[in-house]
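Hi everyone, thanks for making time today. I'd like to walk you through a structure that is new to most of us, so please have a look at the screen.

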Amino acid sequence: MKAAGALACAGLGAWLAGCAVGPNYHAPPTGAPKDFVSSPAAATPAGTSTPIAIDLTQWWHALGDTELDSLVDRAIRANPDIEIALTRLQEVREQQAVLVGDALPQVEVSAAAGRGTGSDMTRAGAAPALRTADNKGSLNQIKQVAGFAATWEIDLFGGYRRAIEAGRYDIEAAAAARSAVLLSVVADVARNYVDMRGLQVHLAILQENIATAQQSRDFEQMRYDRGLTNELDLQLAIREFETLRSELPVLRSQLEATQYNIAALLGEYPESLAAELAPSGALPDLPEGVAPGLPLDVLQRRPDVRAAQRQLAAATARIGVATANLFPHVALSGGLGTQSASIGAHGSHIWAFGPAVYWPVLDFGILDAMVNIADLQAHEQLVAYRKTLIDAVQDADGAIANYSAQVQRLDSLANAMLASQRAVTLAQQRYNRGLTDYLNVVDAERQEYGLEENYTACQQSAADAFIYLYKALGGGWEQYQNVPRIRLPEPAVIAGFHRLLSSDDPQR
């Protein structure tokens, strides 16, 4: 009978040792649609049979621009926002060491000494676990106690284990948040670079049109001086020239602003990249077509979805932390040392060891309310996760539709450009033969310039749409997951000496 009771107690102890109260986390279903509203064919230009395969992990290489590739690589290495996100990840990884340490036994050295009229002069200074071991016995007065004290709260109901579990999920959430920042920085560098190239093309078109307008003005001035035309044609030519020239300062300012943005994204001052970004270049060529994949693939890839899911998992684990506080806390404590009636003298050995139980019986519902709060916080994270899923699919759907529209508009504008160039040639020929007035030439040139501007703007918008599309698809962070190791935490007595002797700058 005694053996059966002992076996039952051992079984109960083993069950309690493996028990962790609170719900276990299970990833909720995504409920993702089978396909996007905009079909993959919608993001493929007319005349292209099959979209090309683009490496989602480095999608910006599909633009075929080595300067852009170089800027992106440098931004990933030096961008301040990425470094801040990495630092936050390292903070959470260090915090995990704190959580693990809280679950392990704590050992400390403790000593106390004093003089006075009391029977035990160490009572106010020595650690409680060591104080329980002192024994006055034949001593008239205890003046000195020194030794070791240890405590260990046994994790019967899994509160510490749930805290460690939540900390692990926090690390995964911080890693996903860093990936989201990295993806955003890559997209911002690519977008600013495309905008810079677009503005450089705009500037080249504007300067060419200003040169043409100046020639027309000079030509009309000569004709007017010789009495071959009226003043109206001359003033129209002057108006066109000055109108075009007025756009130069604003366009140059916008171009410089994009270059400043690129420098900031690379963690540099604008002056550092001025010479590198000054030469003009063409807009990158877009791939023939894109294959966005399935919504489920996007949800599994996007770092913001990963972060939201891990935050939900951490909040679920913290329900267990709060629930464990409803149950008894059992700790083992002990002390080993010496006591003496004289300060500095070698005394007798003392020791103590035993369990302690703490269970809040009457707390007026405070701890239960804390469980309710943790449960509500987990529900909040669940709703936030579901919203992130919906926003991610909506983001991708909108990006696919926008890219498709920009590509189609670009095809139409290309045809309009050919017709406009022909119209300018015909108008000039008719004016030279005296069949029409100069106003028709000015109008044709203005429309051609407007179409050139629209076409360049559309090229820039299409490239921006391509960048936003691949940002929405969530790729581009996968090959940059190697992070520095954290320094292995040391016991306080060792760490104290190392910190004292170290000359490391905390602002490094």
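**A first walk through the model**

Let me begin with a pair of helices: α5 and α7 make a left-handed crossing. Their axes approach to within 9 Å and cross at roughly 160°, and that makes α5 roughly antiparallel to α7. Please keep in mind throughout that this is a predicted model.

Now, α7 has another partner to show you. Helix α7, residues 248-265, packs against helix α8, residues 270-277, at an angle of about 120°, and the two axes are 9 Å apart. How are α7 and α8 oriented to each other? They are oblique, because an angle of about 120° lies outside the ranges for roughly parallel, roughly perpendicular and roughly antiparallel. This crossing of α7 and α8 is a right-handed one. On the α7 side, the contact is made by Gln259, Tyr260, Ile262 and Ala263, and α8 brings in Pro270, Leu273 and Leu277.

Let's step back for the overall picture. In the protein chain you will find 13 helices and four strands. There are 508 residues in the chain, and 41% of them count as buried. If we take contacts between residues at least 6 apart in sequence, 82% of these join residues at least 24 apart.

What sits inside? The largest nonpolar core has 70 residues, and the members touching the most others are Trp59, Val189, Ile262, Phe466, Leu469 and Tyr470. You met Ile262 a moment ago, in the contact between α7 and α8. Which helix gives this core its largest share? That is α5, residues 159-225, with 17 residues. Another core lies apart from this one; it has 11 residues, including Ala127, Ala133, Ile142 and Ala352.

Let me zoom in on Phe466. Setting aside neighbours within four places in sequence, Phe466 is in contact with Ile54, Trp59, Ala62, Leu63, Leu286, Pro287, Val290 and Tyr403. Trp59, in that list, is also one of the core members that touch the most others.

Back to α5 for one more residue, Ser179, which has its place in that helix. Is Ser179 buried or exposed? Ser179 is buried: its relative accessible area is 2%, and the cut-off for buried is under 20%. Not counting residues up to four places away in sequence, Ser179 touches Pro303, Trp477 and Gln481.

Finally, the strands. Four of them form an open sheet in the order β1-β2-β3-β4, with antiparallel pairing. At the edges are β1, residues 106-113, and β4, each of which pairs on one side only. On average, neighbouring strands in this sheet are turned by 20° against each other, ignoring direction.

We can cross the sheet step by step. From β1 to β2 there are eight bridges, and Ser110 stands opposite Gly147 in β2. Strand β2, residues 144-154, then pairs with β3, residues 329-340, over 11 bridges in the antiparallel sense. Here Gly147 turns up again, with Gly337 as its bridge partner in β3. The last step, from β3 to β4 (residues 348-358), is also antiparallel and has 11 bridges. Along it, Gly335 stands opposite Ala352 in β4. That Ala352 is the one I named in the core of 11 residues.

That's the tour, and I'm happy to take questions.

How values were computed: Residues are numbered from 1 along each chain as its sequence is written. This is a predicted model: local features need pLDDT of at least 70, side-chain atom pairs count only at pLDDT 80 or more; totals for chains, interfaces and linings use all residues. Side-chain values use heavy atoms; hydrogens and water are left out. A nonpolar core is a set of buried Ala, Val, Leu, Ile, Met, Phe, Trp, Tyr and Cys residues joined through side-chain atoms within 4.5 Å. Buried means under 20% relative accessible area, exposed over 50%, partly exposed in between (1.4 Å probe, protein chains only). Helices (H or I, at least four residues) and strands (E, at least two) are DSSP runs, numbered from the N terminus. Contact means heavy atoms within 4.5 Å. Two strands pair if DSSP finds at least two bridges between them. Axes are lines fitted to C-alpha atoms, for helices over the stretch in contact, and angles run from 0 to 180 degrees between N-to-C directions. Angles under 35 degrees count as roughly parallel, over 145 as roughly antiparallel, 65 to 115 as roughly perpendicular and the rest as oblique. A crossing is left-handed if the near helix is turned anticlockwise from the far one by less than a right angle, and right-handed if clockwise.
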